[in-house]
Amino acid sequence: MGTSWRPDERTRRKYDAAARLGLMDELREKGWAGLSAKDTGRIGGMLRGANRKETERE
């Protein structure tokens with residue numbers, strides 16, 4: 001029996017950020033390596049901002 005793959009929290013956040021930026025179609029077609037540096041930087045910026053806010057709450 002096969003086990004289903006479940007993304008960890010970090011991966012889930014990356015996909016959520018990509019979806020908010022409207023990059024899911026491109027991501028499905030090309031994968032992460034197919035995204036431009038500009039787009040991956042935007043995703044990274046969103047993740048960094050979310051991490052910073054989370055750290056401030058603690």
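## Exercises on a predicted model

**Exercise 1.** In this predicted model, what span should helix α1 have at 1.5 Å a residue, and how far apart are its end C-alpha atoms?

*Solution.* Start with the length: α1 has 12 residues. The expected span is 1.5 Å times one less than the number of residues, so α1 should span 16 Å. Now check the model: the end C-alpha atoms of α1 are 16 Å apart, which agrees. While you are there, look just past the helix: α1 is followed by Gly 22, which has a positive phi, near 75°.

**Exercise 2.** How many aromatic pairs does a search of the whole structure find?

*Solution.* The search finds 1 aromatic pair. Its partners are Tyr 15 and Trp 32, with ring centres 5.2 Å apart and planes at 70°. Planes over 60 degrees apart count as edge-to-face, so this pair is edge-to-face. Next, place the partners: Tyr 15 lies in helix α1, while Trp 32 belongs to the loop between α2 and α3. They are 17 residues apart, and the pair links distant parts of the chain. Trp 32 has another neighbour too: the charged end of Lys 14 sits over its ring, 4.8 Å from the centre.

**Exercise 3.** Is Asp 39 buried or exposed?

*Solution.* First find Asp 39 in helix α3. Its relative accessibility is 11%. Buried means under 20%, so Asp 39 counts as buried. Leaving out residues up to four places away in sequence, Asp 39 touches Leu 23 and Glu 26. Now try the aromatic partners: Tyr 15, at 30%, counts as partly exposed, and Trp 32, at 28%, also counts as partly exposed.

Key
Residues numbered from 1 in each chain as written. Predicted model: local features only at pLDDT ≥ 70, side-chain atom pairs only at ≥ 80, totals over all residues. Heavy atoms only, no water. Phe/Tyr/Trp six-rings, centres within 6.5 Å; stacked < 30°, edge-to-face > 60°. Helix = DSSP H or I, 4+ residues; strand = E, 2+ residues; numbered from the N terminus. Buried < 20%, exposed > 50% of the residue type's maximum accessible area, 1.4 Å probe, protein only. Lys NZ or Arg CZ within 6 Å of the ring centre and 35° of its normal. Contact = heavy atoms within 4.5 Å.
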